[in-house]
4 protein chains.
Amino acid sequence: MNNSFGEIYRLTSFGESHGPAIGGVIDGVPAGIKIDVDEIQAQLCRRRPGQSAITTQRNEADQVELLSGVMEGTTTGCPIGFIVRNADHHSSDYDEMKRAFRPSHADYTYTEKYGLRDHRGGGRSSARETIARVVGGAVAMQALKQMGIQIFAYTSTVGNLNLAIPYDKIDPALIDTNPVRCPSARVAEAMERLITQVKNDGDTIGGIVTCVIKDCPAGLGQPAFDKLQARLASAMMGINAAKAFEYGMGFDGCSRRGSDMIDPFYVDESGKVITSTNHSGGIQGGISNGADIYFRVGFKPVATLLQEVKTIDSDHNEITLKARGRHDPCVVPRAVPVVEAMAAMTILDMILLNRASKI
Amino acid sequence: MNNSFGEIYRLTSFGESHGPAIGGVIDGVPAGIKIDVDEIQAQLCRRRPGQSAITTQRNEADQVELLSGVMEGTTTGCPIGFIVRNADHHSSDYDEMKRAFRPSHADYTYTEKYGLRDHRGGGRSSARETIARVVGGAVAMQALKQMGIQIFAYTSTVGNLNLAIPYDKIDPALIDTNPVRCPSARVAEAMERLITQVKNDGDTIGGIVTCVIKDCPAGLGQPAFDKLQARLASAMMGINAAKAFEYGMGFDGCSRRGSDMIDPFYVDESGKVITSTNHSGGIQGGISNGADIYFRVGFKPVATLLQEVKTIDSDHNEITLKARGRHDPCVVPRAVPVVEAMAAMTILDMILLNRASKI
Amino acid sequence: MNNSFGEIYRLTSFGESHGPAIGGVIDGVPAGIKIDVDEIQAQLCRRRPGQSAITTQRNEADQVELLSGVMEGTTTGCPIGFIVRNADHHSSDYDEMKRAFRPSHADYTYTEKYGLRDHRGGGRSSARETIARVVGGAVAMQALKQMGIQIFAYTSTVGNLNLAIPYDKIDPALIDTNPVRCPSARVAEAMERLITQVKNDGDTIGGIVTCVIKDCPAGLGQPAFDKLQARLASAMMGINAAKAFEYGMGFDGCSRRGSDMIDPFYVDESGKVITSTNHSGGIQGGISNGADIYFRVGFKPVATLLQEVKTIDSDHNEITLKARGRHDPCVVPRAVPVVEAMAAMTILDMILLNRASKI
Amino acid sequence: MNNSFGEIYRLTSFGESHGPAIGGVIDGVPAGIKIDVDEIQAQLCRRRPGQSAITTQRNEADQVELLSGVMEGTTTGCPIGFIVRNADHHSSDYDEMKRAFRPSHADYTYTEKYGLRDHRGGGRSSARETIARVVGGAVAMQALKQMGIQIFAYTSTVGNLNLAIPYDKIDPALIDTNPVRCPSARVAEAMERLITQVKNDGDTIGGIVTCVIKDCPAGLGQPAFDKLQARLASAMMGINAAKAFEYGMGFDGCSRRGSDMIDPFYVDESGKVITSTNHSGGIQGGISNGADIYFRVGFKPVATLLQEVKTIDSDHNEITLKARGRHDPCVVPRAVPVVEAMAAMTILDMILLNRASKI
């Protein structure tokens, strides 16, 4: 589906790093959702560059303008068009890269696919494209909140530094108390030091984002190809720089025995069916079971190094590049709101689809 | 898309474990592919239960019948309908499970989603559903072979036993020389011993399948949401029992620095642009770059234990179950052809979609 | 979407005239619909050739076999796979047509599109493909009946013979009392005489089917591109031999003034909002308003004449053909159940989609 | 697909009559199309209100801004986002209609579907929504021109005034020489007089647009549900006020005999297979045959009368309305560029889809 995401609740995005604007259309928005534009803007500010010393210094207001689909603060059922103007172009930063194939970037592959490419700031392959996702996710999140569903994500690993707290012991209120978005002041501080050091080395570093979905209704997911985990994996692996996805017991559980990994059912005092453990990650047979959904997304160390790298250009000449744009030494903190946004759109879409499950 | 997979080359599958048949429709098959039905059958036999002492003893011929779309051994461009009759029902094995919610199975979630469920042999949630995938993949594979593209998968981990050979040193001819489908006789033997032991314990064990796609053209993948890795992740995470997906450097690379992980470009003697390393896993910016694509899929230890387990039934009574059906102690060997099939369908679909990239 | 129809409730069909079977998969069937297989079979028998002296004498039982998705007479929410075996092949009837391009048939266009074609009995372009539609429609119809919605179609024109009774004065019980499916014994008799005469001339004749949907809920239809009338038009124009579609006032109303054509609203005794006239055909702004939906579909005189026709073959030689297969002199009577089936699938799909309109 | 149109080349539109902007995203645009923005603007000006005495006097510049997907005058393969600001609101014209259900408008049906509606200027149901279609069509048209395909439409009927010239004798250069867009000065003058008279009566009138596609390649169309005529019918019936669609011989041919209606094949001097007549309208078996495609779309007399009409409001009170907004007495002249736009998008989409027909 190219630049669209979702089946009923569907975001279609557009925009390049150095074009006039990033934007999109959110289609399939149910009528009757109360929309707080400030809350959408707040999510964009969480994604925005220039938030702290450890993120890129590109400084953009990233102000969203809603163009349709909302009347007097309520969705009308009509598509929501929106744009965010690009303001802070430093296109000259990229001039020497017009013909360069930067290693581990999209320069070569876009050229192969399309026969040409927009080299300015990475064009469409820039992470600025995630602006549209954050807007789409923020609208979905407001619908989900009205349904009592909570979604949060946080930085759980940077380099070799891991947060040891299990997902169900996290206090989400702590996530945004530090620039790393790790809900432990102590670990966050160590992560921040590591990122600063890497940055000073002109290098970059990868990490992992964990995401938790609480109070999700049972029954979400199409049980064959579009299992809920398949939808979530697709959503996450479509984010720039994502390399890996696991949910529930993940890779680690794949080395284990079934007798260690099954989740016994029981009935709680309120008469609700629940499981005493949650290795299944809230999904069984591709369908949510009502328990917490949790998953982890690995992000690579981005390829834009602030040091000289050797590569070739489109004429196959060997060249030496040194990035001069403003780049993140670690994308993980800014990926947190994008992971949340993609999760929110996925869950809302599955909720709407699920309404057709029974006569 | 519920029970359909793919955008142009699209498999729609149907069938329950104990219904009359499993089958499907492959739509969007380009005209002019030479079809060898024996080769499709051979892939089904690789997926088939009862192949060896370490797989389930359910014994089905799993004979495929093509019903349309092929004339005189060549595809006509019309959809290929096919069925595989279910033969070896032991429905009475499942009678006591009619009302049971087996732990970590789909019993509870199907009931929540649909208000009722087909309890016989797991119904639609049975892994017999993957028969349709194998047929769809076998047809795609024959198209890909005509294009010079090779896809193979193998068991790389069972429990704590890992195959140490890197993906690009594998001899695919060895994969099917042992029942584990691990391309090292020595490691395969250890894995087989482990599976046998687990089976004797009435337990199950998980593992990992690695898949490699060679000679894939550059340019495949839609760069925003439908990045090639997102499509592959969705394809793989839609397979029963899959819990985790990573490609290229994967989770491991996410703890590393960018300077270790970039893949320098160079021009080889034939004038082709290639990279000297392949941490990118053959995909950059969501689009294939012509290098080997490789990824790993983690499969959980299946939940059907041949030992007593406590659970509840749909009336919320506590019950004790002991599975009596015939089940795999480790699904990984039989998942190998399913992984290949899903990869083949994904790649062919992306090739067909990519034809629309340029005017 | 190639061989699929519908967004949520989606039929994917396969099969050629002289292949082993026609069949399909109905996906997105809500769980909990009571299914009467005899009723599906009855609809197939209405579509079946050989019903009377005025339809083709090809004699097929057209027995449907459901392969999945129904348990104990109730849909489970899983896809319904089905097949109808082809039995009565007279392939030799078609041998001389292997290379012929029959005028106004699909022979030439299939060859241009696919580079080859299945010439046996028209292959995929045969009207036998509508078997799958009738099955898909019969399942949808059973769901709609449970919701209190009624759909019926009838022959309103054959050649220059028109049924003068307005759509809202039709007694649906009369439709199947004659082989023409015209709900007036007198007009039906004249139509039957005309078809017989045309047949004796070795010729064919066209006509019009009118379809009525009663007690359809208000709110169906996506108001931009997928207006309810656009969905219905697509459904009908996808039927073999359909040349024209109009709803409500149709072409005739397009020569009129607005003051003659508006439908005044009023509130009836029960407090329901209704219109005193229904030139809108039950749809306003692309969305159903609760009034009767009615539309007309024009079917051409089919191109298979039982007389000598001059044409060319694939080597561009001039040839003379005389059809020897068994063909309908007028497709309209057998198109009636196909029109109903397509309408039923469209309406059910729109009902399911509409569940996502509000939060 | 709600507010999206097309499978590969896909327009997603947004915007209400009195919101900040109308806009959309064109996805699936092949890279390498030369784009002339002035030509897009010229098409918008053809659709624009206030062009002449016989169209609505709402005066909007309707200036398009492209936001992405085009670099140095060439498409990049990335989605084209665009907006057209709404400028000339007279919202107070509509205040009294806030609660009114105007007869034969979308007021009632939107309220039923969404539970609320944007009453300002018809909101999403306004014909301003077609701005997005014209932009999407103008981009497609530039691609088609590069392929040598020509599309034009014209007013062939207003009220009872019909243009007698057959479609293949039309001089497209005459279409825009008069405000009615009828390619005969004499007939256009009569039509203009009729529209003026109707307008002076405070009334409206309907009519028919004929569209012709020349030099379309053979092979376009998916032969089952998505026959080329089904796609065109869907495209046309999705336009505001469209009531009827017919192609080739249309309804008229449905009263005729097959022997009058078949199109004999022959081979012309250049060796090309063509037909000596074209009752098929350039489509056989759902697939284009290379001959001219032509079809007719009927538009109703719009329901906004400049005279008092009785109706009810959302509280079920009887009220009397008199429209004071600026409205077209006949939408047909302004529908001409919209019909062309929808045809262009449909044909380009089918061309791109058709690239996957053969291996």
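## Cysteines without partners

Start with Cys330(D): this residue is buried, with a relative accessible area of 2%. The model you're looking at is a predicted one. Could Cys330(D) be tied to another cysteine, and how far off is the closest cysteine sulfur? That sulfur belongs to Cys254(C) and sits 10 Å away, too far for a bond.

Cys211(D) tells a similar kind of story. Its relative accessible area is 0%, so it counts as buried. The closest cysteine sulfur is in Cys216(D), at 11 Å, and that is too far for a bond. As a reminder, a disulfide is a covalent bond between the sulfur atoms of two cysteines. How many disulfides turn up over all chains? Searching the whole structure gives zero.

## Helix 4 of chain A

Now look at helix 4 of chain A, which runs over residues 185-200. With 16 residues at 1.5 Å a residue, this helix should span 22 Å, and its end C-alpha atoms are indeed 22 Å apart, so the two values agree. Right after the helix comes Gly202(A), which has a positive phi near 65°.

Which residues of this helix are buried? They are Val187(A), Ala188(A), Met191(A), Leu194(A), Ile195(A) and Val198(A). These residues cover an arc of only 125° around the axis, which means they sit on the same side of helix 4 of chain A. The general idea is handy here: an α-helix has 3.6 residues a turn, so residues three or four places apart point the same way. Part of the cover over the buried residues comes from strand 9 (150-158) and strand 10 (161-162) of chain A. Turn to the face pointing away from the buried side and you'll find the exposed residues Ala185(A), Arg186(A), Arg193(A) and Asn200(A).

## A glycine in a chain C loop

Over in chain C, find Gly206(C), which lies in the loop between helix 4 (185-200) and strand 11 (207-214). Is this glycine buried or exposed? Gly206(C) is buried, with a relative accessible area of 0%.

Leaving aside residues up to four places away in sequence, Gly206(C) has contacts in its own chain that include Val158(C), Gly159(C), Phe299(C), Lys300(C) and Cys330(C). Gly206(C) also touches Cys254(D) and Arg256(D), which belong to chain D. For a sense of distance, take Ile293(C): it is 87 residues from Gly206(C) along the chain, and their C-alpha atoms are 24 Å apart.

## Where chains A and B meet

Chain A and chain B each put 104 residues into their contact. Together they bury about 7900 Å², with 61% of that on carbon and sulfur atoms. On the chain A side, Lys113(A), Phe225(A) and Lys243(A) lose the most area to chain B, together making up 12% of what that side buries.

How many salt bridges cross the interface of chain A and chain B? There are four. In a salt bridge between Asp201(B) and Arg257(A), the closest N and O atoms are 2.8 Å apart.

## Where chains D and B meet

Chain D and chain B are in contact too, through 14 residues of each. The area they bury is about 1300 Å², and carbon and sulfur atoms give 64% of it. Arg355(D), Ala356(D) and Ile359(D) supply 49% of the area that chain D buries against chain B, more than any other three residues. As for salt bridges between chain D and chain B, the count is zero.

How values were computed: Residues numbered from 1 in each chain as written. Chains lettered and ligands numbered in written order. Predicted model: local features only at pLDDT ≥ 70, side-chain atom pairs only at ≥ 80, totals over all residues. Heavy atoms only, no water. Helix = DSSP H or I, 4+ residues; strand = E, 2+ residues; numbered from the N terminus. Expected span 1.5 Å × (residues − 1). Buried < 20%, exposed > 50% of the residue type's maximum accessible area, 1.4 Å probe, protein only. Arc of directions from axis to C-beta. Contact = heavy atoms within 4.5 Å. Disulfide = S-S within 2.5 Å. Buried area = accessible area lost by both parts, 1.4 Å probe. Salt bridge = Lys/Arg side-chain N within 4 Å of Asp/Glu carboxyl O.
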